[in-house]
Amino acid sequence: MIGGGMGWVKGRVRELKRWTERLFSLYVDAEIEPFRAGQYNRLRLPIGDQWVGRPYSYVNPPDRRPLEFHFVRVPEGPLTNRLVHLQPGDEVELMPRSTGLFTLDQVPDAHDIWLLATGTGLGPFLSMLETDEPWERFENIRLVHSVRLAAELSYRDRIQGFIDRAPGRFGYVPMVSREICENVMCARIPATIEDGRLEALAALTIGPGHSQVMLCGNPEMVRDTQSVLKGRGLRRNRRGQPGQITVENYW
Ligand SMILES: Cc1cc2nc3c(=O)[nH]c(=O)nc-3n(C[C@H](O)[C@H](O)[C@H](O)COP(=O)(O)OP(=O)(O)OC[C@H]3O[C@@H](n4cnc5c(N)ncnc54)[C@H](O)[C@@H]3O)c2cc1C
Ligand SMILES: NC(=O)c1ccc[n+]([C@@H]2O[C@H](COP(=O)([O-])OP(=O)(O)OC[C@H]3O[C@@H](n4cnc5c(N)ncnc54)[C@H](OP(=O)(O)O)[C@@H]3O)[C@@H](O)[C@H]2O)c1
């Protein structure tokens, strides 16, 4: 294999952490340009006679190294089935420059912000929450993490740090969809907004005059949640046409 192509930089794997059979975090050292919380890079590896690259959001805040990525092994997924075999010291290539507009500077001011994620869509919110911006701009912050199984409720320690940082202002709502467990809602995000359970549990209401909502992960969750929120009078936030709903689809 001939070495890295133009425009890519070499990164070196520091660690691959395994949360469950299929859920991982990858730590990489690489020289890249500054990025904003919520942005993503691309990871690529040579597979057969081709390079395969995919976008991955940063979990680490912009001022912390190593770079950190949270990913799920997709059955038959070309890249993730290779990422899971990485060892410390292995090479992986990245882009020198990061991309993406799923950043807080794109989100209008409001009293409250809701950060709603499925699966690995949690990552960009962790990066944002480790910067000062959400804490300076929003009175109340609610983080919702929706996963299939309780074991996939990753980063609980880091999230506990946010709870400790701002008791009362920050709330975490875990949701599990494919098993019943104590103290965790067994549901999907849109249904719990529709029937009022999420707001009751989070002790905060959602409305166009006081809420901003960011959605990240499964595109069906993003679509279905937007449609429920539109029923509440919230609108998509676009450049030049501010609204309350900012989204990032992972596929
Ligand atoms: C802007 C952006 C940021 C992304 N950030 C991340 C990230 O931080 N972590 C991450 O794991 N993935 C992320 N993805 C998805 C990632 O780029 C890959 O698609 C994914 O890792 C699977 O790669 P693959 O080559 O194994 O399979 P692919 O051929 O790329 O995907 C096959 C199928 O797997 C499913 N799938 C893909 N990604 C996910 C996912 N994250 N969770 C559940 N099902 C999925 C979809 O049905 C997809 O069609 C992001 C995608 C985009 C567009
Ligand atoms: N053994 C295996 O090989 C195995 C097992 C499981 C998953 N997988 C694969 O792993 C990937 C899934 O990863 P993942 O579980 O992190 O992500 P995911 O499939 O996006 O699921 C994450 C959460 O999103 C929810 N969700 C799905 N559609 C939604 C919608 N329209 N509205 C609201 N919420 C919705 C899911 O609920 P629901 O549970 O109700 O869908 C789940 O709670 C897929 O590629 C899948 O094929 C593999």
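**Notebook: two ligands, two domains**

I began with ligand 2: 19 residues surround it, and Thr118, Gly119, Ser177, Asn218 and Glu220 come nearest. I counted a residue as near a molecule or strand if its C-beta atom, placed from the backbone, lies within 6 Å of it. The elements that give two or more residues to this shell are β8 (140–147), α5 (189–194) and α7 (219–231). Here helices (H or I, at least four residues) and strands (E, at least two) are DSSP runs, numbered from the N terminus.

I noted before going on that this is a predicted model, in which local features need pLDDT of at least 70 and side-chain atom pairs count only at pLDDT 80 or more, while totals for chains, interfaces and linings use all residues. Residues are numbered from 1 along each chain as its sequence is written, and chains are lettered from A and ligands numbered from 1 in the order in which they are written.

**Ligand 2, continued**

Which element gives the most to the shell around ligand 2? I found that α7 does, with 3 residues. I sorted the shell by residue type and got 7 nonpolar, 6 polar and 6 charged. For this sorting, Ala, Val, Leu, Ile, Met, Phe, Trp, Tyr, Cys and Pro count as nonpolar, Asp, Glu, Lys and Arg as charged, and the others, Gly among them, as polar. Domain 1 (9–94) and domain 2 (104–249) each supply at least three residues of the shell around ligand 2. The domain bounds come from an automatic or database domain assignment.

**Ligand 1**

I then turned to ligand 1, which has 20 residues around it; the closest are Arg54, Phe71, Gly77, Leu79 and Thr80. Strands β4 (50–57) and β5 each supply at least two residues of this shell. By type, the shell around ligand 1 holds 11 nonpolar, 7 polar and 2 charged residues. At least three residues of the shell around ligand 1 come from each of domain 1 and domain 2.

**The two domains**

I looked up how the domains sit against each other. The C-alpha centres of domain 1 and domain 2 lie 24 Å apart. In contact across the boundary are 14 residues of domain 1 and 15 residues of domain 2; contact means that the C-beta atoms of two residues, placed from the backbone, lie within 7 Å. Strand β5 (residues 67–72) gives the most to the side of domain 1 that touches domain 2, with 3 residues. That side of domain 1 divides into 8 nonpolar, 5 polar and 1 charged.

Is β5 itself enclosed or open? I found that 5 of its 6 residues are buried, so β5 is largely enclosed by the rest of the structure. A residue is buried if 20 or more other C-beta atoms lie within 10 Å of its own, exposed if 12 or fewer, and partly exposed in between, with C-beta atoms placed from the backbone.

**Strand pairs in domain 1**

Strand β2 (residues 23–29) pairs with β5 in the antiparallel sense over 6 bridges; two strands pair if DSSP finds at least two bridges between them. Leucine 23 has valine 72 in β5 as its bridge partner. Strand β1 (residues 9–18) and strand β6 (residues 91–94) are antiparallel too, over 4 bridges, and valine 9 stands opposite leucine 94 in β6.

**The core and the parallel sheet**

I listed the largest nonpolar core, which has 52 residues; Leu115, Leu116, Phe125, Val144 and Val213 touch the most other members. A nonpolar core is a set of buried Ala, Val, Leu, Ile, Met, Phe, Trp, Tyr and Cys residues joined through C-beta atoms within 7 Å. Strand β7 (residues 112–118) gives the most to this core, with 5 residues. Both domains give residues to this core, so it lies between them.

An open sheet of 6 strands runs in the order β10-β9-β8-β7-β11-β12, with parallel pairing. At the edges stand β10 (185–186) and β12 (245–249), each with a single partner strand, so one side of each is left without a neighbour in the sheet. Strands β7 and β11 (residues 211–217) pair in the parallel sense over 6 bridges, and alanine 117 stands opposite cysteine 216 in β11.

**One residue of β8**

I ended with asparagine 140, which lies in strand β8. Asparagine 140 is partly exposed, with 19 other C-beta atoms within 10 Å.
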